[in-house]
Amino acid sequence: GFEQVSSVHDGLDYTVMLDAASGHAWCPPAITLDAVEALLAPHLLFPPAPTERSAMIGGAVAENASGARSFMHGPTRAWIEALEIVLPTGDTLHVARGDVLADGRTLRFASREGTPYEVQAPGYAMPATRKNAAGLYAADGMDLIDLFVGSEGILGVITAVLVRLTPRPTLFSDTAFFASEEEAIACADTLREAAANGLPLVSLEFYDPGALRFMADHPQVRPEHQAAIFTELDAGDPAIVERFAEIIIGCDPMDDWFADSDREREAQRDFRHALPENVNTFLRQHGTDKLCTDYAVPAGQFPTMMQAYHDACDAFLQVTGRPEASAVLFGHIGDYHLHIDFLPANAAEEDASMEQYAILAQHAIELGGTITAEHGVGKKTLPVGGRRIPYLEVMYGREGLLEIARAKVGLDPHRVLNRGNMMPASLLDEIR
Ligand SMILES: Cc1cc2nc3c(=O)[nH]c(=O)nc-3n(C[C@H](O)[C@H](O)[C@H](O)COP(=O)(O)OP(=O)(O)OC[C@H]3O[C@@H](n4cnc5c(N)ncnc54)[C@H](O)[C@@H]3O)c2cc1C
């Protein structure tokens, strides 16, 4: 059964209700992912691991958060078993996975207070990507809980979350450095295939030459390195480590850095954190903002998207003329989800980076991908044909936005909660 577990983390009191035997925990919404980790029994893990560990669990559910380890575990969605929700009307819902399934896209349910609701999920087809944080979840026969996971706080306030836990893995990590990007990508393909055939790979990440240049101070990085692949492995069984080592050796990296101790793993984590830190230092020095893409595409389209990334980086380099610090390409190659950080040093370069960002968004959509795999939509807009349009409109069209708005109004008839998230507030007022 569930037992209360409390502790002080970063000076705050936190309590979760933990059922260690079945691997479930009821969490309050305002608990950081770091605190959840600290509170769980040492052998249990809540696997969704967005880069930002100070995210709250309510925010992680609202954003369907994900990160490097989503390669093995998928985004947050699959780990959420039940939610307590307060609707903007004041009604309360207990939504457990499996309790309410849609008839087509129509969800019928009642609040605790007995109010009946009928909500039509949007009619759009979601992209066939491994990760997606664009718009409300919508599928035939979908579970009501999935409407709320990733809803960016527009439908109701999550007041408690039942998460599913998994045994904590014994993690080894590895960074392999290559003489060319092609070799690194081929190695990622080999590792992805090995994972599909049972190799317990937790993360599979990529760094391009631009990214390595930003980490060049690190003792492991040599000027000849043109790309790197970072992996984490659930290495409970020595045979797995052996199999992994054979695959990496077969990839023929210039150098390989294998971390099998806590100290080495820490060192690899610091190495990876050096990239955002050095990027942010560059931007602070120039008083500019980074523009970070968050596109993911279906498996077969990745080579085409990779070409588009290179074209965009080249076009931006024409403007900056700064090969040492123009753009970095890195991230979740296992999920066909790389980020480009464009690094503008002045206002004209900021405009140029936005132009490339918009071109890449169109590519991602044309390839059947998503324009946000993990960052979410919020109040973003995109320049198209000389004007700014709502970010999601590029992907689902105006009709898609209206469908999201209708679903919202079905639960928030006074249109008060998180106005402007996912779609412009003005659109809400068009719904009868
Ligand atoms: C530059 C950038 C990088 C990001 N990188 C990542 C990443 O690597 N991985 C990733 O998964 N996400 C990423 N995100 C998205 C987001 O920041 C994270 O998903 C994070 O988990 C949000 O948690 P938070 O506690 O900071 O939420 P907040 O920022 O407080 O809230 C995020 C949204 O969730 C809603 N919300 C929060 N709590 C609740 C609640 N209890 N009930 C209902 N709605 C709620 C808020 O209204 C808001 O719309 C990124 C965002 C940006 C802008």
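This report describes a helix, a ligand site and several single residues in a predicted model.

**Helix α9**

Helix α9 runs over residues 302-320, and because each of its 19 residues should add 1.5 Å, the expected span is 27 Å, which agrees with the 26 Å that separates its end C-alpha atoms. The buried residues of this helix are F302, M305, M306, A308, Y309, A312, C313, F316 and T320. These residues cover an arc of only 160° around the axis, which means that they sit on the same side of α9. The face of α9 that is turned away from this buried side carries P303 and Q318, which are exposed. The cover over the buried residues of α9 includes two helices, α5 (181-196) and α10 (347-366), together with the strands β12 (201-207), β16 (327-332) and β17 (337-342). Just after α9 comes G321, a residue that takes a positive phi of about 60°.

**The ligand and its surroundings**

There are 21 residues around the ligand, and of these M56, A65, S66, I158 and N418 come nearest. Both α2 (57-63) and β9 (157-164) supply at least two residues each to the shell around the ligand, and it is α2 that gives the most to this shell, with five residues.

Which atoms of E152, H375 and N418 make polar contacts with the ligand? For E152, a polar backbone atom is 3.2 Å from an oxygen atom of the ligand. In the case of H375, an N or O atom in the side chain is 3.4 Å from a nitrogen atom of the ligand. For N418, a polar side-chain atom lies 2.9 Å from an oxygen atom of the ligand. On its own the ligand has 960 Å² of accessible area, and the protein covers 63% of that area.

**Residues in loops and in a strand**

The loop between β3 (24-27) and α1 (33-39) contains T32. Is T32 buried or exposed? Its relative accessibility is 12%, and because buried means under 20%, T32 counts as buried. Leaving aside residues up to four places away in sequence, T32 touches H9, Y14, R53, S54, A55 and M56. One of these contacts of T32, M56, is also among the residues that come nearest to the ligand.

Two aspartates have a positive phi, a value given here for residues other than glycine: for D10 phi is near 50°, and for D252 phi is near 60°. D10 is placed in the loop between β1 (3-9) and β2 (12-19), while D252 lies in the loop between α7 (238-251) and β14 (255-259). Why do D10 and D252 count as exposed? Exposed means over 50% relative accessible area, and D10 has 70% while D252 has 54%, so both count as exposed.

V384 belongs to strand β18, which covers residues 381-384. Not counting residues up to four places away in sequence, V384 touches Q362 and I389. V384 and T170 are 214 residues apart along the chain, and their C-alpha atoms are separated by 47 Å.

The table sets out the relative accessible area of the four residues treated in this part.

| Residue | Relative accessible area | Class |
|---|---|---|
| T32 | 12% | buried |
| D10 | 70% | exposed |
| D252 | 54% | exposed |
| V384 | 28% | partly exposed |

Note on methods
Residues numbered from 1 in each chain as written. Predicted model: local features only at pLDDT ≥ 70, side-chain atom pairs only at ≥ 80, totals over all residues. Heavy atoms only, no water. Helix = DSSP H or I, 4+ residues; strand = E, 2+ residues; numbered from the N terminus. Expected span 1.5 Å × (residues − 1). Buried < 20%, exposed > 50% of the residue type's maximum accessible area, 1.4 Å probe, protein only. Arc of directions from axis to C-beta. Contact = heavy atoms within 4.5 Å. Near = heavy atom within 4 Å. Polar contact = N/O pair within 3.5 Å; in protein donor to acceptor, adjacent residues only side chain to side chain. Areas by Shrake-Rupley, 256 points an atom, 1.4 Å probe, with all protein chains shown as cover.
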